[in-house]
Amino acid sequence: MKNNIFLIGTHWGDEGKGKVVDVLSAEANACIRFQGGHNAGHTLVINDKKFILHLIPSGILRDNVKSVIGNGVVVSVDALIAEIEELQTNGIFLDNKLFISQNCHLILPTHIAIDQARERKLGKKSIGTTGRGIGPCYEDKTSRKGIRILDLKNETIFLKKLEDLMEYHNFILKNYFHEDVIDIKIVADDLLTKFKLISQYIIDTDEFINDLCMKGGVVFEGAQGTMLDIDHGTFPYVTSSNTTLSGLVSGTGVNMSLVNYGLGITKAYSTRVGHGPFPSELSNDIGDRIGKIGGEIGATTGRTRRCGWLDAKVLKKSIRLNNLSGIALTKIDVLDNFNEISICVDYGEIDYESFSVEDLEFIELPGWKTSTVGITNYNDLPKNAKLYIETIEGLINTPIDIISTGPARDEIIQKINILDV
Ligand code: IMP
């Protein structure tokens, strides 16, 4: 039987999970998302065509893979339908392939309005959210006011719940934020109409996911990254879900004894989008160069990502928190032309007012100044690229099992087949 595995970003998201999931899903049976919503953005390049997925797991592009949106995900019906239509237009059909938990909470237009109004009010102290309503939706889930997809099945119950919740949202919008209110009837009619377009995909996923795991070959796909975790990240500059292993358990109901391997996705350098501390950030020409070569522009919001050297201290923390078995190091080719490459190995406490950090320590290594693009065999990597990889392995005491050497599916080194080990 094939392994069941999970993938989690080890830093602040955008580590290149989409491509790794896509490659691994060639041999997988199912691909499952467990937290976040359409704040995520996975860019995949297939036959020179770029796909950006926000909500639907990356495995959807493979014919034999079942894609499941687990109960921990918050769902915007508009974003979901847009993605379904984009996939269908490109000849990717979803019958018996896409499954969405009926327990997912719905992101309402008022969640989005509150998210954006709150950010405006915070001004310079804003979180830099994606403005997709993620935080307010999770708030309503936790305070037991939220509306789940299954509520749409009964029109009377749905209308009552929606009215209660949106009256509360509109009160806050009007009286606290001094913003326009949103018409409840328009939202109700819209959601009831659109529900008909997605109802065929809605199921109770809990037992379904465990049954898939009994057959093996399941890839659980995290969104965002470990340092954006609501409990373990750089609070308050985080997202509103558990992006770490605990989110996988609560967001799917999986029996963890069925999951055999955890893969951390780590970019060869670090990036962060949005505000908040970033100890190894390079606010200089080198950071700009990394960003330009790496195309570090957010897939969801189009924002420029902040860039810095690999933060190995965060990587160690991620390995511990997520019980990772190995690492996939992505975008190594972006560092091909640098004379020196550093790794951030330690620092003191972070000041959350100024975001400054004391006692930053780096290891400096020589660059390899040769192209690594498209290399598929570890031994073909330049000597100094291997030195870089092996230095990281030594620091984290964990193997780097996969190395991505370009954006395309076949530009990858797989030292082991993690679905089979
Ligand atoms: P929210 O998830 O929209 O509430 O945003 C909270 C923080 O998480 C902000 O700093 C966002 O930039 C960041 N964030 C949310 N989703 C992603 C992602 O998929 N990649 C990277 N950062 C993200």
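These exercises, each with a worked solution, concern a predicted model of one protein chain.

**Exercise 1. Overall form**

Decide whether the radius of gyration of the chain agrees or disagrees with that of a compact globule.

Solution.
- Start with the length: the chain has 421 residues.
- A compact globule with 421 residues would have a radius of gyration near 22 Å.
- The chain has 21 Å, so the value agrees with the globule rule.
- Add the box: along the principal axes, the C-alpha atoms fill roughly 65 × 50 × 40 Å.
- Add the secondary structure: the chain holds 11 helices and 19 strands.

**Exercise 2. Contacts, surface and charge**

Find what share of the residues is buried, and describe the contacts, the surface and the charges.

Solution.
- Burial comes to 57% of the 421 residues.
- Take contacts between residues at least 6 apart in sequence: 75% of them join residues at least 24 apart.
- The accessible surface is about 17,600 Å², and carbon and sulfur atoms account for 50% of it.
- Count the charged side chains: 44 are positive and 55 are negative.
- The centres of these two sets lie 1 Å apart.

**Exercise 3. The nonpolar cores**

Identify the residues with the most contacts inside the largest nonpolar core, then locate another core.

Solution.
- The largest core has 50 residues.
- Phe220, Leu335, Tyr388 and Ile392 have the most contacts inside it.
- Helix α11 (residues 383-396) gives the largest share of this core, with 5 residues.
- Apart from this core lies another, of 39 residues. Its members include Ile92, Ile100, Ile149 and Leu192.
- Return to Leu335. Leaving out residues up to four places away in sequence, Leu335 touches Ala268, Tyr269, Trp309, Ile341, Trp368 and Tyr388.

**Exercise 4. Two residues to classify**

Classify Val345 as buried or exposed, do likewise for Leu94, and list the contacts of Val345 and of Leu94.

Solution.
- Place Val345: it sits in strand β16 (residues 340-346).
- Its relative accessibility is 17%. The cut-off for buried is under 20%, so Val345 counts as buried.
- Beyond four places in sequence, Val345 touches Ala312, Lys313, Glu361, Phe362, Ile363 and Leu395.
- Now check a distance. Val345 and Asn103 are 242 residues apart along the chain, and their C-alpha atoms are separated by 41 Å.
- Place Leu94: it belongs to the loop between α2 (77-89) and β7 (98-101).
- Its relative accessible area is 1%, so Leu94 is buried.
- With neighbours within four places set aside, Leu94 contacts Ile60, Ile84, Leu87, Gln88 and Tyr201.
- One of these partners is Ile84. Leu94 and Ile84 are 10 residues apart along the chain, with C-alpha atoms 7.9 Å apart.

**Exercise 5. Backbone exceptions**

Locate the cis peptide bond at Pro236 and describe the phi values of Asp14 and Lys331.

Solution.
- Recall the background: most peptide bonds are trans, and most residues other than glycine have a negative phi.
- The cis bond joins Phe235 and Pro236, with omega about 5°.
- Pro236 lies in the loop between β10 (218-225) and α8 (245-250).
- Asp14 has a positive phi, near 60°. It is placed in the loop between β1 (5-9) and α1 (17-24).
- With a relative accessible area of 23%, Asp14 is partly exposed.
- Lys331 also has a positive phi, near 60°. Its loop runs between β15 (326-330) and β16.
- Lys331 is partly exposed, because its relative accessible area is 24%.

How values were computed. Residues are numbered from 1 along each chain as its sequence is written. This is a predicted model: local features need pLDDT of at least 70, side-chain atom pairs count only at pLDDT 80 or more; totals for chains, interfaces and linings use all residues. Side-chain values use heavy atoms; hydrogens and water are left out. Helices (H or I, at least four residues) and strands (E, at least two) are DSSP runs, numbered from the N terminus. The radius of gyration is taken over C-alpha atoms; the globule rule is 2.2 Å times the number of residues to the power 0.38. Buried means under 20% relative accessible area, exposed over 50%, partly exposed in between (1.4 Å probe, protein chains only). Contact means heavy atoms within 4.5 Å. Accessible areas come from the Shrake-Rupley method with a 1.4 Å probe; for residues, only the protein chains shown count as cover. Lys and Arg count as positive and Asp and Glu as negative; His and the chain ends are not counted. The place of a charge is taken as NZ of Lys, CZ of Arg, CG of Asp or CD of Glu. A nonpolar core is a set of buried Ala, Val, Leu, Ile, Met, Phe, Trp, Tyr and Cys residues joined through side-chain atoms within 4.5 Å.
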